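Let's take a friendly walk through this structure together. Keep the viewer open as you read, and turn the model as each part comes up.

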Amino acid sequence: MGLNGTQEINITPALPTDGKTGEMGMVMANLSELVGWGRKYSLHPLLFGLACCAIEQITAGMSRFDISRFGSEVFRASPRQADLLIVSGRVSNKMAPVIQRLHAQMLEPNWVIAMGDCASVGGPFNNYAIIQGVDKLIPVDVYVPGCPPRPEALFYAITRLQEKVQKFGIGERVSGS
Ligand code: SF4
């Protein structure tokens with residue numbers, strides 16, 4: 001008992017009697033797997049959108065959907081700071097050289113998601129002004145069906161992309177291959 005009549009309680013945590021302290025100690029890991037793990041949870045998408053699908057892409061970043069749960073919330077305004085290009089919308093002939101230039105300026109290794117029917121295959125616009133799939137310009141890693149796809153579909157694509165990113169080792173992938 002204390003001087004004022006209250007009971008003193010010892011809050012020092014009891015040490016385990018088996019000698020284990022709970023500290024991490026030594027961890028063995030494959031360097032390539034560690035780099036892949038780091039890359040997949042730190043994707044930096046380019047701040048880029050083309051048409052109506054871009055509205056869904058923007059919505060994915062809002063609090064209701066919260067793309068940051070997948071480690072991909074830091075949209076970069078410069079391709080030199082981005083490693084993920086989400087092509088969200090129809091690709092016109094006029095935009096083709098712009099997309100190719102942006103893609104060429106991105107970090108290595110980089111990744112591409114074709115978001116929506118238009119970016120994947122031209123969508124309903126089967127005409128001379130629209131390129132029938134952005135994969136005719138740049139390599140695509142994941143396609144997202146829908147017109148437009150909901151934010152959840154984009155998240156699913158990101159998780160599939162993360163699986164792909166994890167499998168690539170150090171220096172294994174060169175953009176455009
Ligand atoms: S897929 Fe549909 S929603 Fe997306 S850009 Fe094309 S027309 Fe618009």
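The paragraphs below go from the chain to the sheet, then to the core and the ligand.

Please keep in mind that you are looking at a predicted model. The protein chain holds five helices and three strands, and reading from the N terminus the elements follow the order α-α-β-α-β-α-β-α. The chain has 177 residues, of which 29% count as buried. If you take the contacts in the protein chain with a separation of 6 or more, 79% of them come from residues 24 or more positions apart.

A good place to begin is the sheet. Its three strands are arranged as β1-β2-β3 in an open sheet, and the pairing is parallel. At the edges you will find β1 (84-88) and β3 (142-144), each of which pairs on one side only. From one strand to the next, the twist averages 15°. Now look at β2, residues 111-115: this strand pairs with β3 in the parallel sense over three bridges. Here isoleucine 113 stands opposite valine 142 of β3.

Next, add the helices that lie on these strands. Helix α2 packs on the sheet and touches β1 and β2, with its direction at about 130° to that of β1. Helix α5, residues 151-167, lies across β2 and β3 and runs at about 170° to β3.

With the sheet and helices in view, we can turn to the interior. In soluble globular proteins, nonpolar side chains tend to be buried together. In this model the largest nonpolar core has 32 residues, and the members touching the most others are Val87, Ile113, Ala114 and Met115. At least two residues of this core come from each of α2, β1, β2, α4, β3 and α5. Which residues does valine 87 contact, once its neighbours within four places in sequence are left aside? They are Leu50, Ile99, Val112, Ile113, Ala114, Met115, Ala119 and Val134.

Finally, find the ligand. Around it are Ala51, Cys52, Cys53, Gly89, Arg90, Gly116, Asp117, Cys118, Gly123, Cys147 and Pro148. Two elements, α2 (52-60) and α4 (117-121), give two or more residues to this shell. By residue class, the shell divides into six nonpolar, three polar and two charged residues. Helix α2 thus links several parts of this tour: it touches β1 and β2, supplies at least two residues of the core, and gives two or more residues to the shell around the ligand.

Conventions
Residues numbered from 1 in each chain as written. Predicted model: local features only at pLDDT ≥ 70, side-chain atom pairs only at ≥ 80, totals over all residues. Near = placed C-beta within 6 Å. Helix = DSSP H or I, 4+ residues; strand = E, 2+ residues; numbered from the N terminus. Nonpolar A, V, L, I, M, F, W, Y, C, P; charged D, E, K, R; others polar. Pairing = 2+ DSSP bridges. Axes fitted to C-alpha atoms, helices over the stretch in contact; angles between N-to-C directions. Contact = placed C-beta atoms within 7 Å. Core = buried A, V, L, I, M, F, W, Y, C linked by C-beta atoms within 7 Å. Buried ≥ 20, exposed ≤ 12 C-beta atoms within 10 Å, placed from the backbone.
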